[in-house]
Amino acid sequence: MKGFRQARWEEPLIYEVSPDTKEGTLIDYEEFEDYAKRLLLKLPDNVRRRSLDIPSLSEVEVVRHYTKLSQMSYGVDLGPVPLGSCTMKYNPKICEELASDRRIAEAHPYLDEDDVQGLLEIIYTLQKWLSEIVGMDACSIQTPAGAAGEFAGALMIKKFHADSGEGYRDEMIIPDSAHGSNPASAAMAGFKVVKVPADPRGNTDLEALRAALGRRTAGIMLTNPNTLGLFEEQILDIAKEVRGVGGLLYYDGANLNGIIGYVRPGDMGFDVAHLNLHKTFTAPHGGGGPGAGAICAKGALVDYMPIPIVDYDGRKYYLKYDVPKSIGRISWFYGNVVPAVKSFLYIAALGSSIKEVAEVAVLNTNYVLKKVSPLPGVDLVYGHGRWRKHEFVVSFEKLYKETGIGAEDVAKALLDRGIHAPTILFPLIVPEAHMVEVTETESKENLDRLVDAYREIVNLAYANPEEVKKSPRNTSVGRLDTVYGNLPKNVAPAYRFLKEKRTGA
Ligand SMILES: *Cc1c(COP(=O)(O)O)cnc(C)c1O
């Protein structure tokens, strides 16, 4: 970005800002003491504080401290965040404002159902809308994030098989391009993870899938469009094959943004799905969280959903706990309600035009891909000639071999140009990867800025790689130690793996 320079504060901790002789509060202590005495009279002496170690700053110092901290940070309110897989779209302020209504934001989870009928109606309606969007019978917001949905889904699949007398099904099939949370969730639920590779078009390799399927198959966890941004062209065949051996299909909904309103996981043959409300449905995430998930199910799997589910008996909304086959609770109370309300408002605002989200996200993605993929040093590893959905993955391996500038250096150089780095070095099947997701909320001007930044950086890499290596210089913190160094054995196998992959060691 022209003229981008982040404020270069090295703001200390608030305790370090504070010289302890100062007092910033305007409290009249005698009066306060009197007041406190009246209020705390009944508190036994041994539980009363004698002192409180809080920083003693004046109001203006507090304001400056937090303003400086906010300037050391970068978020979607400051510029594009093309973080692939994360769908970092703009969070409309109207949703923020309405959801911060005290009756929502401060509602205590132990309030009587009768006193939160409005809020329960919002959740109930959201469950219905989400069910319609994914083409399933029921959804619940019990799960506080996507990964929690995966874990819940894996447990549901496990319990379903156990109840059907097929508890021996202990293998979960997962593509090698999958988000790390998929195998982690499956393993946590007690499954053995069986990997299947992608074919050159970027689809799940059908032959490899057939070979992996068997009597012990519990199911498959898939995201579609997949992490390469490519729609699984043979999804119906995949569903048929998996079902053929008695397995179930889990849908990782993190990438729904590219198809929302057009295709429904339920119609593709999936039995269980999670949605990331903080991705597709604009609840903030990252530093702006907390996020929220939803878990949805179809047919017999509905009985296994986590409790409580918000239900309606024709007269009143209530929390349904009486679900005998349920896997039980996944989180406290009924999930992260405030972000769910934001998603409710987002869907309410868009209505059936929600499909335009997918249209513009796909258009934006392919626009940037068309301009970035021909740049020198840039390669596509999978899916040549195919349209992407919500995101694309490019490889800087060629650039790295020719100039010594790899994916990480390019990402750091983007920071200097006022753009948040995309997801890098993921998926693991693409060397020196950048996974770019621009979402539908960036204008053409912003997309062009991203393209220009990429062009400038790769050209600079060929002309003067040392210069690229100096980035980032315009951020408050410069080039951090990237932990590639002298790691003790077993401490960080992931970093070791990446390093070895990169150097070919
Ligand atoms: C983000 C993501 C997840 C995990 O979701 P969380 O809400 O972060 O727990 C799973 N799969 C994919 C493809 C993702 O992008």
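Helices here are DSSP runs of H or I with at least four residues, strands are E runs of at least two, and both are numbered from the N terminus. With that in hand, Pro472 can be placed: it sits in the loop between α17 (465-469) and α18 (493-503). The peptide bond from Ser471 to Pro472 is cis, with omega near 0°. Keep in mind that this is a predicted model.

Now the layout. The protein is divided into domain 1, residues 14-71, and domain 2, residues 98-352. Taken over C-alpha atoms, the centres of domain 1 and domain 2 are 45 Å apart.

On to the seven-stranded sheet. The sheet is open, and its pairing is mixed. Read across, the order is β1-β7-β6-β5-β4-β2-β3. Which strands stand at the edges? They are β1 (138-140) and β3 (192-196). Each has a single partner strand, so one side of each is left without a neighbour in the sheet. From one strand to the next, the twist averages 20°.

Look inside that sheet. Strand β2, residues 171-175, pairs with strand β4, residues 217-222. The pairing is parallel and runs over three bridges. Glu171 stands opposite Thr217 of β4. Helix α8 packs on the sheet and touches β2, β3, β4 and β5 (248-252). The direction of α8 makes about 175° with that of β2. Helix α10, residues 235-244, lies across β4 and β5. Its direction is at about 140° to β5.

Stay with α8 for a moment. This helix, residues 181-188, also meets helix α7, residues 146-163. Their axes come within 8 Å and cross at roughly 40°. Why call α7 oblique to α8? Because angles under 35 degrees count as roughly parallel, and the range for roughly perpendicular is 65 to 115; a crossing of roughly 40° therefore makes α7 oblique to α8. The crossing is right-handed. From α7 come Ala147, Glu150, Phe151 and Ala154. From α8 come Ser181, Asn182, Ser185, Ala186 and Met188. By class, this contact has five nonpolar, three polar and one charged residues.

Next helix pair. Helix α13, residues 355-372, and helix α16, residues 444-463, have axes that come within 10 Å. They cross at roughly 25°. That makes α13 roughly parallel to α16. Here too the crossing is right-handed. On the α13 side, the contact uses Asn364, Tyr367, Val368, Lys371 and Val372. On the α16 side, look for Lys444, Leu447, Asp448, Leu450, Val451 and Tyr454. The tally for this contact is seven nonpolar, one polar and three charged residues.

Last stop, the three-stranded sheet. This one is open and antiparallel, in the order β10-β12-β11. Its edge strands are β10 (392-395) and β11 (423-424), each pairing on one side only. β11 pairs with strand β12, residues 433-436, over two bridges. Which residue of β12 is the bridge partner of Ile424? It is His434.

Follow the chain from β11 towards β12. Leu425 is in the loop between them. Its phi is positive, about 55°, although Leu425 is not a glycine. Pro427 belongs to the loop between β11 and β12. A cis peptide bond joins Phe426 and Pro427, with omega about -5°. For background, most residues other than glycine have a negative phi, and most peptide bonds are trans.

Conventions:
Residues numbered from 1 in each chain as written. Predicted model: local features only at pLDDT ≥ 70, side-chain atom pairs only at ≥ 80, totals over all residues. Heavy atoms only, no water. Pairing = 2+ DSSP bridges. Domains from an automatic or database assignment. Axes fitted to C-alpha atoms, helices over the stretch in contact; angles between N-to-C directions. Parallel < 35°, antiparallel > 145°, perpendicular 65-115°, else oblique. Left-handed = near helix turned anticlockwise from the far one by under 90°. Contact = heavy atoms within 4.5 Å. Nonpolar A, V, L, I, M, F, W, Y, C, P; charged D, E, K, R; others polar.
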